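These are my notebook entries on a structure that was new to me. I set down what I looked up, place by place.

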Amino acid sequence: MHTFSQYLLLENIFLDLRAANKLQAFALIAGLLERNCQVNRALVYQKLSERENMDSTGLGSGVAIPHAQVAGINEPIAAFVRLQLPIDFAAPDEQPVSELFVVLLPLKTTRDHLQILADLAGMLCDPQFRTRLENAAEVPAILQCLQNQSLAS
């Protein structure tokens, strides 16, 4: 089974990101992923924005899962972002979002992306996991929390 945490690198966990809105968040995330994963910043921004324009990736309860297919990558890239201040994501519960689980997928996708999204959905339905994640204040603790939850699922 393909899980979010298996594609999440320590350097792709970003805490206290300052963004005024989701487009600014996408621009900042694209820049960070360009630096860490050698992906094209403009293309990542464009694809995340296009996907968001189709329908909000805000799930509710302060969480969004921005995801998009991006040319030039061979396997999924994952990032976890905790925003300094919550921003509007047009989530169904109309609550602002403070945690983003970002997934970039190769153009030639298999069913892996569905497994990754299902893994995330399962984790996010667990209130104990959500509490552990919210209480994790450091990058290594967040990675550990996500890896432990994926193993338990």
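**Entry 1. Two loop residues.**
I began with Glu 94, which I found in the loop between E5 and strand E6 (97-105). The model I am reading is a predicted one. Glu 94 is not a glycine, yet its phi is positive, at about 60°. I then asked whether Glu 94 is buried or exposed. Its relative accessible area is 69%, so I entered Glu 94 as exposed.

I next turned to Gln 38, in the loop between H1 and H2. Here too I noted a positive phi in a residue other than glycine, near 55°. Gln 38 counts as exposed, at 63% relative accessibility.

**Entry 2. The pair H1 and H2.**
From that loop I went on to the helices it joins. Two packed helices are described by the angle between their axes and the distance between the axes. I therefore looked up both values: the axes of helix H1 (residues 22-37) and helix H2 (residues 41-54) come within 8 Å, and they cross at roughly 145°. The crossing in which H1 passes H2 is right-handed.

Which residues make the contact? On the H1 side I listed Lys 22, Leu 23, Phe 26, Ala 27, Ala 30, Gly 31 and Glu 34. On the H2 side I listed Arg 41, Val 44, Tyr 45, Leu 48, Ser 49 and Glu 52. Sorted by class, the contact of H1 with H2 has seven nonpolar, two polar and four charged residues.

**Entry 3. Glu 34, and a distance from Ala 42.**
I chose Glu 34 of helix H1 for a separate look. Glu 34 counts as partly exposed, at 31% relative accessibility. With residues up to four places away in sequence left out, Glu 34 touches Val 39, Asn 40 and Arg 41. With Arg 41 there is also a polar contact, side chain to side chain, of 3.0 Å. I recorded one further distance for Glu 34: Val 44 is ten residues apart from it in sequence, and their C-alpha atoms are 8.5 Å apart.

Ala 42 belongs to helix H2. At 51% relative accessibility, Ala 42 counts as exposed; the cut-off for that term is over 50%. Between Ala 42 and Ala 27 I read a C-alpha to C-alpha distance of 8.1 Å, with their places 15 residues apart in sequence.

**Entry 4. Asn 36.**
Asn 36 is also placed in helix H1. I asked whether Asn 36 is buried or exposed. Its relative accessibility is 18%, so Asn 36 counts as buried, the term being used for values under 20%. The side chains of Asn 36 and Arg 35 are joined by a polar contact of 3.4 Å. Beyond neighbours within four places in sequence, I found Asn 36 in contact with Glu 11, Asn 12 and Phe 14.

**Entry 5. Gln 84.**
I returned to strand E5 (residues 77-87), where Gln 84 is placed. Gln 84 is partly exposed, with a relative accessible area of 37%. What does Gln 84 contact, leaving aside its neighbours within four places in sequence? I noted Asp 16, Leu 17 and Arg 18. The side chain of Arg 18 makes a polar contact of 2.9 Å with that of Gln 84. Ala 20 lies 64 residues apart from Gln 84 along the chain, and their C-alpha atoms are separated by 9.9 Å.

**Entry 6. Helix H4.**
In helix H4 (residues 127-135) I found Phe 129, Arg 130 and Leu 133 buried. They cover an arc of only 100° around the axis, so these residues are on the same side of H4. An α-helix has 3.6 residues a turn, so residues three or four places apart point the same way. On the face turned away from the buried side of H4, I noted the exposed residues Pro 127, Gln 128 and Asn 135. At the start of H4, a side-chain oxygen of Asp 126 comes to within 2.9 Å of the backbone nitrogen of Gln 128.

**Entry 7. Gln 149.**
Asp 126 led me to Gln 149, as a polar contact of 3.1 Å joins their side chains. Gln 149 sits in helix H5 (residues 139-152). Gln 149 is buried, with a relative accessible area of 7%. Not counting residues up to four places away in sequence, Gln 149 touches Met 123, Asp 126, Phe 129 and Arg 132. Among these, Phe 129 is one of the buried residues I had entered for H4.

Definitions and conventions. Residues are numbered from 1 along each chain as its sequence is written. This is a predicted model: local features need pLDDT of at least 70, side-chain atom pairs count only at pLDDT 80 or more; totals for chains, interfaces and linings use all residues. Side-chain values use heavy atoms; hydrogens and water are left out. Buried means under 20% relative accessible area, exposed over 50%, partly exposed in between (1.4 Å probe, protein chains only). Helices (H or I, at least four residues) and strands (E, at least two) are DSSP runs, numbered from the N terminus. The arc is that of the directions from the helix axis to the C-beta atoms. A polar contact is a pair of N or O atoms within 3.5 Å; within protein, one must be able to donate a hydrogen and the other to accept it, and residues adjacent in sequence count only if both atoms are side-chain atoms. Contact means heavy atoms within 4.5 Å. Axes are lines fitted to C-alpha atoms, for helices over the stretch in contact, and angles run from 0 to 180 degrees between N-to-C directions. A crossing is left-handed if the near helix is turned anticlockwise from the far one by less than a right angle, and right-handed if clockwise. Ala, Val, Leu, Ile, Met, Phe, Trp, Tyr, Cys and Pro count as nonpolar, Asp, Glu, Lys and Arg as charged, and the others, Gly among them, as polar.
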